[in-house]
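Visitor: Could you give me a close look at a single part of this structure, and then tell me what sits around that part? I would like to follow the pairings one by one.

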Amino acid sequence: MLTEEMQTLIRRFSAGAVATVNADGTPSVSPKGTFVILDSRTLAFGHIRSPGTVANLRRNPAIEVCFTDVVTRRAVRVTGTATIVRPEEADAALDDAFEAAWGPYRSHMGAYVRIAVSAAETILSPAYDLGLTEDELRKTNLEKLNTY
């Protein structure tokens, strides 16, 4: 499901925009920065300051996450179903993944949010349709970022 190329982008740009559904049916998007990849069909993030996201997922486990490489204008959109896991109830693989990637933050995580991936796709900027290359986009976008 998650190709090696997708996993590489997620590891490099591990802050994802997480979309859930509010109780009134409206969408909610919140950035999360503590993602881990467990395997090609499973992601997870740590619940540190995510009370609204976790409440939404308890009511409706549908979730979508978008990871964006702003330099090359590529993204990975992941759709799935979330499960809230308390750290003391986590299996070793889940707990070990968070320890390895986010050890100093683990004591601040009230839960892990495991995502069973049902679909994943790579999204490219329309600039690629115009014939721009990844190297050209990287150069242009790094120049823009470096003006700050």
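Guide: Happy to. Two strands count as paired when DSSP finds at least two bridges between them. Please keep in mind that this is a predicted model.

By that criterion β3 and β4 are a pair: four bridges join them, and the two strands run antiparallel. They form a hairpin, with two residues between the strands. If you want a spot to zoom in on, V36 stands opposite A44 in β4.

A44 is also a good place to step across to the next strand. On its other pairing, β4 is antiparallel to β7, over six bridges. There A44 stands opposite R114 in β7. From β7 you can go on to β6, since these two strands pair in the antiparallel sense over twelve bridges. Within that pairing, G80 has V117 in β7 as its bridge partner.

Now let us zoom out to the sheet that holds these pairs. Seven strands make up an open sheet, in the order β2-β1-β5-β6-β7-β4-β3, with antiparallel pairing. The edges are taken by β2 (27-32) and β3 (35-39); each has a single partner strand, so one side of each is left without a neighbour in the sheet. So our hairpin includes an edge strand, β3. From one strand to the next, the twist averages 30°.

Towards the other edge, β1 (residues 16-21) is joined to β2 by six bridges, and this pair runs antiparallel. A17 stands opposite P31 in β2. Packed on the sheet is helix α1 (residues 4-12), which touches β3, β4 (42-47), β5 (62-69), β6 (74-85) and β7 (111-124). Both strands of our hairpin are therefore among the contacts of α1, and the direction of this helix makes about 80° with that of β6.

Helix α1 also leads us to the largest pocket, which has a volume of about 190 Å³. Thirteen residues line this pocket, and E5, L9, R12, D69 and R74 are the closest to its centre. At least two lining residues come from each of α1, β6 and α4 (134-145). The biggest share, five residues, belongs to α1. Sorted by class, the lining has six charged, four nonpolar and three polar residues.

Finally, here is the whole chain for context. Its secondary structure comes to four helices and seven strands. Read from the N terminus, the elements follow the order α-β-β-β-β-α-β-β-α-β-α. The radius of gyration is 16 Å, close to the 15 Å that the globule rule gives for 148 residues, so the chain is as compact as a globular protein of that length. Along the principal axes, its C-alpha atoms fill a box of roughly 50 × 35 × 35 Å.

How values were computed: Residues are numbered from 1 along each chain as its sequence is written. This is a predicted model: local features need pLDDT of at least 70, side-chain atom pairs count only at pLDDT 80 or more; totals for chains, interfaces and linings use all residues. Side-chain values use heavy atoms; hydrogens and water are left out. Axes are lines fitted to C-alpha atoms, for helices over the stretch in contact, and angles run from 0 to 180 degrees between N-to-C directions. Contact means heavy atoms within 4.5 Å. On a 1 Å grid over the protein atoms alone, a cavity is a set of points where a 1.4 Å probe fits but cannot get out, and a pocket is an open set with protein on both sides within 12 Å along at least five of seven lines; lining residues have an atom within 4 Å of a point. Grid points are joined across faces, edges and corners, and a volume is the space filled by probe spheres set on the points. Ala, Val, Leu, Ile, Met, Phe, Trp, Tyr, Cys and Pro count as nonpolar, Asp, Glu, Lys and Arg as charged, and the others, Gly among them, as polar. The radius of gyration is taken over C-alpha atoms; the globule rule is 2.2 Å times the number of residues to the power 0.38.
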